[in-house]
Amino acid sequence: MFSPENNGKTLLVKKYLGAVAFNNITRLAFGKRFVNAEGIIDEQGLEFKAIVSNGLKLGASLAMAEHIPWLRWMFPLEEDAFAKHGARRDRLTRAIMDEHTLARQTSGGAKQHFVDALLTLQEKYDLSEDTIIGLLWDMITAGMDTTAISVEWAMAELIKNPRVQQKAQEELDSVVGFERVMTEADFSGLPYLQCVAKEALRLHPPTPLMLPHRANANVRVGGYDIPKGSNVHVNVWAIARDPAAWKNPLEFRPERFLEEDVDMKGHDFRLLPFGAGRRVCPGAQLGINLVTSMLGHLLHHFCWTPPEGVKPEEIDMSENPGLVTYMRIPLQAVAAPRLPSHLYKRVAVDI
Ligand code: HEM
């Protein structure tokens, strides 16, 4: 993002967010960056990306067949394609798992990545290899797009609302300053930034209908009879915009959460971007941290404005319908650096 050729240029924001979210999740799950310091993706990374996008494609066809039964004939279950996809995914994951097992054997200790945690606990909890592969891919598919989408919507709101952007930047400047970059340890001193992330997740939950739940008994909820076996979707998007629950619900105003601390991890039913109950998102806190971290870095490092000739209020905020809700028109913006140049260099990290 910070390179002379990007100066004053209109950037497709999601291209960068996708790359960061990909790195975040692969580092957490596998302790691996598949992208080098020059932004070049290696062979394993290309295979990884291809598997992710193929999985999304197959998942979408499955969802269609599942939810619109009378259209099922149009989306025949491609069993062959699923089997091939599974085999490809397992091959790559096994290779990475073997690398980790070897590394643990040679170093004598366990590295702190999700794959190491699972492999170290394999015997104790009787986890099969298939279960470990399944858990790793749950984390990857559930954690990558959700975080990138949330940040894209948040950035659109921040460009539409320069007052909020400036206020978040002033907080970052006073807490982090101009001589270093933000770290997770700064979060507790950045309450406004945290409220910005929360307000973005209120107005733009990336999974607006959560995940489908199936009623395992006949129940009555809010006066509606739900027969056993029904698929139930909870519209958390609509609840978070309900004027009966929120003052000026359509306004992007992070201050509302400084005035009233509303839980967003399943305890306050007005705000449920991560769902609630037994199947609540297990990655909620990680998701919040990743979104806060991406937003903090983007705001500390750059001032964001719409492309030349576009007014902030003209940014298209319509949604692309789907299980996960992308912006229909991907956000484009201009990023002006605001820190000394040495703070934009990539730093090698021990992963
Ligand atoms: C902003 C980021 C995220 C949002 C908004 C989000 C939202 C959600 C929602 C709404 C559900 C369904 C809950 C329900 O139906 O009750 C869910 C499930 C899940 N999420 Fe997340 N998520 C995020 C990030 C993550 C991350 C980072 C991970 C893991 C690394 C993760 C892992 C999962 C898993 C494994 C499930 C399925 C849980 C189950 O079915 O028992 N999520 N998420």
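Okay, let's start right at the ligand: one of its oxygen atoms is 3.5 Å from a polar backbone atom of Leu-211. Before I go on, keep in mind that this is a predicted model.

Staying with the ligand oxygens, there are two side chains to look at. An N or O atom in the side chain of His-213 is 2.6 Å from an oxygen atom of the ligand. Then there's Arg-279, which places a polar side-chain atom 2.7 Å from a ligand oxygen.

Now the iron. Which protein atom serves as a donor to the iron atom of the ligand? That's the SG of Cys-281, at 2.3 Å, and it is the only protein donor. If you're looking for Cys-281 on screen, go to the loop between helix H9, residues 256–259, and helix H10, residues 284–301.

Let me zoom out to the whole shell. How many residues surround the ligand? There are 19, and the closest are Met-139, Thr-207, His-213, Arg-279 and Cys-281. By type, the shell splits into 11 nonpolar residues, 7 polar ones and 1 charged one. Helix H5, residues 129–160, gives the largest share of that shell, with 5 residues.

Keep H5 in view, please, as we move to the nonpolar packing. The largest nonpolar core has 68 residues, and the members touching the most others are Phe-48, Leu-136, Leu-295 and Trp-304. H5 again supplies the largest share of this core, 16 residues. Apart from that core there's another one, of 11 residues, including Phe-257, Leu-271, Phe-274 and Ala-284.

Next up, charges. Side chains of opposite charge can pair when their charged atoms come close. In this model we count 19 salt bridges, and I'll take you through three of them.

The first on my list is Glu-129 with Arg-94, where the N to O distance is 2.3 Å. This pair ties together distant parts of the chain, with Glu-129 in helix H5 and Arg-94 in helix H3, residues 79–107, 35 residues apart. How exposed are the two partners? Glu-129 is partly exposed, with a relative accessible area of 35%, and Arg-94 is partly exposed too, at 30%. There's also a third residue involved here: Arg-94, Glu-129 and Asp-130 are linked in a network of salt bridges.

Next, Arg-163 and Glu-255. Their side chains form a salt bridge at 2.9 Å, N to O. Here too the pair links distant parts of the chain: Arg-163 is in helix H6, residues 162–175, while Glu-255 is in the loop between helix H8, residues 236–239, and H9, and the two are 92 residues apart. Is Glu-255 buried or exposed? Glu-255 is buried, because its relative accessible area is 9% and the cut-off for buried is under 20%. Arg-163, on the other hand, is partly exposed at 46%.

The last pair is Asp-186 with Arg-180, which meet in a salt bridge at 2.8 Å, N to O. Asp-186 has 9% relative accessibility, so Asp-186 counts as buried. Its partner Arg-180 is partly exposed, with a relative accessible area of 33%.

While we're talking about buried side chains, have a look at His-100. You'll find His-100 in helix H3, and at 9% relative accessibility His-100 counts as buried. What does its side chain pair with? The side chains of His-100 and Asp-116 are joined by a polar contact of 3.1 Å.

Let me finish with the backbone, and two loop residues. Asp-126 has a phi near 55 degrees, a positive value in a residue that isn't glycine. Asp-126 sits in the loop between helix H4, residues 114–121, and H5. With 70% relative accessibility, Asp-126 counts as exposed.

The other one is Asn-248, where phi is near 40 degrees, again a positive value in a residue other than glycine. Asn-248 belongs to the loop between H8 and H9, and is partly exposed, with a relative accessible area of 46%.

If you take one picture away with you, make it the iron site: Cys-281 is the only protein donor of the ligand's iron atom, and helix H5 provides the largest share of the shell around the ligand. That's it from me, so over to you.

How values were computed. Residues are numbered from 1 along each chain as its sequence is written. This is a predicted model: local features need pLDDT of at least 70, side-chain atom pairs count only at pLDDT 80 or more; totals for chains, interfaces and linings use all residues. Side-chain values use heavy atoms; hydrogens and water are left out. Donors are N, O and S atoms within 2.8 Å of the metal (3.2 Å for Na, K and Ca); water is not among the atoms, so sites may look incomplete. Helices (H or I, at least four residues) and strands (E, at least two) are DSSP runs, numbered from the N terminus. A residue is near a molecule or strand if one of its heavy atoms lies within 4 Å of it. A polar contact is a pair of N or O atoms within 3.5 Å; within protein, one must be able to donate a hydrogen and the other to accept it, and residues adjacent in sequence count only if both atoms are side-chain atoms. Ala, Val, Leu, Ile, Met, Phe, Trp, Tyr, Cys and Pro count as nonpolar, Asp, Glu, Lys and Arg as charged, and the others, Gly among them, as polar. A salt bridge is a side-chain nitrogen of Lys or Arg within 4 Å of a carboxyl oxygen of Asp or Glu. Buried means under 20% relative accessible area, exposed over 50%, partly exposed in between (1.4 Å probe, protein chains only). A nonpolar core is a set of buried Ala, Val, Leu, Ile, Met, Phe, Trp, Tyr and Cys residues joined through side-chain atoms within 4.5 Å.
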